[in-house]
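Visitor: Thanks for having me; could you walk me through this one?
Guide: Gladly, let us look together.

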2 protein chains.
Amino acid sequence: MASPRSWFSIPKGSPFSIANFPFGIISTKESPNLRTAVAIGDHALDLAAFAANNGFSAISTIQPHQAVFSESTLNSFAALGRPIHSVVRKYLHSVFADDTPYPDVLKNNAQLQQEALIPLKDVTTHLPMKIGDYTDFYAGKNHAYNCGVIFRGPVNALQPNYDHLPVGYHGRASSVVVSGTPIRRPNGQILENPAAEKKVPIFSPSRKLDMELELGAFVCKSNPLGSPVPIAEAEESLFGLVLMNDWSARDIQAWEYVPLGPFNSKNFGTTISPWVVLADALEPFMVKGLQSGVELLPYMQEKRKENVYNIKLKVDLTKTAKSGTRTTITRTSASNLLFSFPQMIAHHTIGGCPFNVGDLLGSGTISGTDPTSRGALLEQSENGKVSIKLDGGEERTFLEDGDTITITGLCGEDEEGLVGFGECSGTVEPAIKLDF
Amino acid sequence: MASPRSWFSIPKGSPFSIANFPFGIISTKESPNLRTAVAIGDHALDLAAFAANNGFSAISTIQPHQAVFSESTLNSFAALGRPIHSVVRKYLHSVFADDTPYPDVLKNNAQLQQEALIPLKDVTTHLPMKIGDYTDFYAGKNHAYNCGVIFRGPVNALQPNYDHLPVGYHGRASSVVVSGTPIRRPNGQILENPAAEKKVPIFSPSRKLDMELELGAFVCKSNPLGSPVPIAEAEESLFGLVLMNDWSARDIQAWEYVPLGPFNSKNFGTTISPWVVLADALEPFMVKGLQSGVELLPYMQEKRKENVYNIKLKVDLTKTAKSGTRTTITRTSASNLLFSFPQMIAHHTIGGCPFNVGDLLGSGTISGTDPTSRGALLEQSENGKVSIKLDGGEERTFLEDGDTITITGLCGEDEEGLVGFGECSGTVEPAIKLDF
């Protein structure tokens, strides 16, 4: 899909260009009911209002399904399947094109523009999907290696299984929140002195609160118990992507994670961006990912060589509590993954695990190879040993109360055809005080 | 609650005595809509029919809530809270008592008996709750020790954290199924020769398919993100218990589980019994659990000493595929737990993790100390080294296709006042054949 000019005013450099049309759930002060919208430039197009005013009447494929846009999550829309998502997106694209074949729908319809095009600043965004299960993978090989070195030393940094399967764990769906939700620093058990012979934990607010730069992918297709999704069909299960911050308490994690994996160190909050960028919109930006050199088992082998996305990712730390200065602490590309989402889906279901529409997959933390491209403070600070300099003179090893982490992601070079995610943002609140 | 005689014929030794009243979701051939029932003797009392025929009209507390019994899960009933569960159970108890103060409700109402009391053999039971998140703990210390010895040797069998917190991991809610659902043997990656220098997995059906004897607990109260549930209030979150078989593929597990925990080795199926035994009904059977001797951090300290349930548990293996002979392979008590469900809830939420009504907690595998009390074949067979003798002359180390595992659990000694769960049962189907 090329990106022609639009009759609608879309700021140059907007992540929500005419080439994008990401889907989200919004409400406004005037109309507090949750409903579907797409983001376009600095506006949200309210699809419930658009549908109610015959916006889709030109398209017979969509008409029978319009009620989904009045629902409070995207699940029913997602469940319609990728061919329908594609029709809807292409139609919206043509409605906004300068030479739209449907000028009466919106271009020449000042009343519907007034009703359905809402400035983003006046919109509240909500969790876009009702999430059934959430799985977090660990496919950012540079990150996995860096963390492995910190926790187990360079010899055992990566386990023998790492190159053969996308290592992952079941996450906590209930703690996934939308961008803007404050994140409270967790209390928990911490082993202050891991070298001591007697290992007795203390109770404390986490002192090593971290972020993790990830992609999230939503599933739009279910499979029954006992029926794997073949890798050749796995792309059909990909609804779209969001940015994700998998907040992590490293000191709680270090104590709790053996032998069953991370638990309370992760389940106090996972932030996702509100606009789901459709898999279709990201297709033009696919590139080759990281290569391990091992031959994968057949159930994991993909035909396409370009299987991950070249999304330019950026993490900013804003010292909300103090100066308000914003420092970019990480720049990297989402192509730094050893496995693709279709590979993750094929592996996840190979034993028969069922997916439901709305399930969320995390990519694992995405890091490049140089220090400023590392997607977690654990790696950047080498577990607290090296300070990260912030603009304005402060330093960080881990997050302080009041710090805001904002992730952005953008595809493309054409300033009028960018495909981006908007912001995935969260501010750290002080730990709750507990009296015993 | 004592167990007086009932005017209704309840077989001696029934797990569903007048002291129980477990809740489930049923349908029948004649009425395929899902609805709530309680089990009583060999019958289910259809609470939707009971409510529709003024069964609850004597009880003003219940009347405004009767619509919940026509829903397809117990979630709305659970969300009413333990005081309401208690009122409903006590009322049903009084309706069935020989000297019922409400004889016209059911005892003398042949028509309602005909309509609402359905023989269990004519009833299909369904998953009782819509499960949000499922967490599986590892609080069966004897099991954890035995497994630790097998996987890591006796020195590192239990990690230093084990006695200080209930170790657990997030499980896969989508793969929890109700008793009777067949379980397909999973395919997956297996490392045939772990001692080999070059560690390359093969693709194979699991050769070490196992069961795990557990209790499951359903949550009936939500807490928001960032707000821990204090241990003194955690019992209010306990709706009721079920039996659980956490099917496990040990060879897949051994290869995949480092460093993030079990994944495909568990998410191909977890079976629960259909009748939720209310926490209230189990109160009389509380006993002291396992003791570690370490002083717990204050947020984990309970006032009551008796904090786990003395449920007599039994695992039977039936060779469906061959002779049909049924052998009891495990007998133990559910008191073999180091932590209680309230402790698990307090720990799980201490960092701010939110619970929703319908969340499921697994206890971890329950084993006693002698070999015939071990709750998993991994332990009984010492990872395949020792054969388990079955009645009729066969042997097992792990499960074969066609094998049926049936867990039962029973509290009490009075044959007319037993509180039990019925069966948690599943049959192993051959792995799916995949062509590449």
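**Around the annotated sites**

Guide: To begin, E214(A) is buried, its relative accessible area being 0%. Please keep in mind that this is a predicted model.

Visitor: Good to know. In which strand does E214(A) sit?
Guide: We have just met E214(A) as a buried residue. Its place is in a strand of chain A that covers residues 213-219, namely β13.

Visitor: Which residues does UniProt list with E214(A) under "binding site"?
Guide: The feature comes from an unreviewed UniProt entry. The positions in question span 111 residues in sequence, yet no two of their C-alpha atoms are more than 11.4 Å apart, so they gather at one spot. Alongside E214(A), the entry names D136(A), E212(A) and D246(A).

Visitor: Is D246(A) buried or exposed, and what is its relative accessible area?
Guide: D246(A) is found in the loop between β14 (238-245) and β15 (248-249) of chain A. Buried means under 20% relative accessible area. D246(A) is buried, with a value of 1%.

Visitor: Which of the residues in that UniProt feature does D246(A) touch?
Guide: Setting aside residues up to four places away in sequence, D246(A) has partners that include Y134(A), Y169(A) and K266(A). E214(A), for its part, touches D136(A) and D246(A), among others. From the UniProt group, D246(A) touches D136(A), E212(A) and E214(A).

Visitor: There is another "binding site" annotation; which residue of chain B is in contact with R152(A)?
Guide: That annotation, again from an unreviewed UniProt entry, covers Y138(A), R152(A), Q253(A), Y257(A) and T365(A). R152(A) lies in helix α5 (residues 141-152) of chain A. Leaving aside neighbours within four places in sequence, R152(A) contacts Y138(A), A157(A), Q159(A) and Y257(A) in chain A, and from chain B, P259(B).

Visitor: How far is the backbone oxygen of N156(A) from a polar atom of the side chain of R152(A)?
Guide: R152(A) is partly exposed, with a relative accessible area of 24%. Its side chain has a polar atom whose distance to the backbone oxygen of N156(A) is 3.4 Å.

Visitor: And Q253(A): which side chain does it join in a polar contact of 3.0 Å?
Guide: Q253(A) belongs to helix α6 (residues 250-256) of chain A and is buried, at 9% relative accessible area. Beyond its neighbours within four places, Q253(A) is in contact with S248(A), P262(A), S265(A) and K266(A). The polar contact of 3.0 Å links the side chain of Q253(A) to that of R250(A).

Visitor: Turning to chain B, what do the buried residues of α5(B) pack against?
Guide: Helix α5 of chain B has twelve residues and reaches 15 Å from its first C-alpha to its last, close to the 16 Å expected. Its buried residues include H143(B), A144(B) and C147(B). They pack against an element of chain B, α9 (377-380).

Visitor: What phi does G153(B) take?
Guide: G153(B) comes just after α5(B). Its phi is positive, at about 85°.

Visitor: Last one: which residue of chain B comes closest to the rotation axis?
Guide: A turn of 180° and a shift of 0.0 Å along the axis lay chain B on chain A with an RMSD of 0.0 Å. That is the relation of a two-fold axis. The same surface serves both copies, with 100% of the contact residues of chain B recurring in chain A. Coming closest to that axis, at 2.3 Å for its C-alpha, is G261(B).

Technical notes:
Residues numbered from 1 in each chain as written. Chains lettered and ligands numbered in written order. Predicted model: local features only at pLDDT ≥ 70, side-chain atom pairs only at ≥ 80, totals over all residues. Heavy atoms only, no water. Helix = DSSP H or I, 4+ residues; strand = E, 2+ residues; numbered from the N terminus. Expected span 1.5 Å × (residues − 1). Buried < 20%, exposed > 50% of the residue type's maximum accessible area, 1.4 Å probe, protein only. Contact = heavy atoms within 4.5 Å. UniProt positions renumbered as here; feature names shortened; annotations may be inferred. Polar contact = N/O pair within 3.5 Å; in protein donor to acceptor, adjacent residues only side chain to side chain. Least-squares fit on C-alpha atoms with pLDDT ≥ 70 in both.
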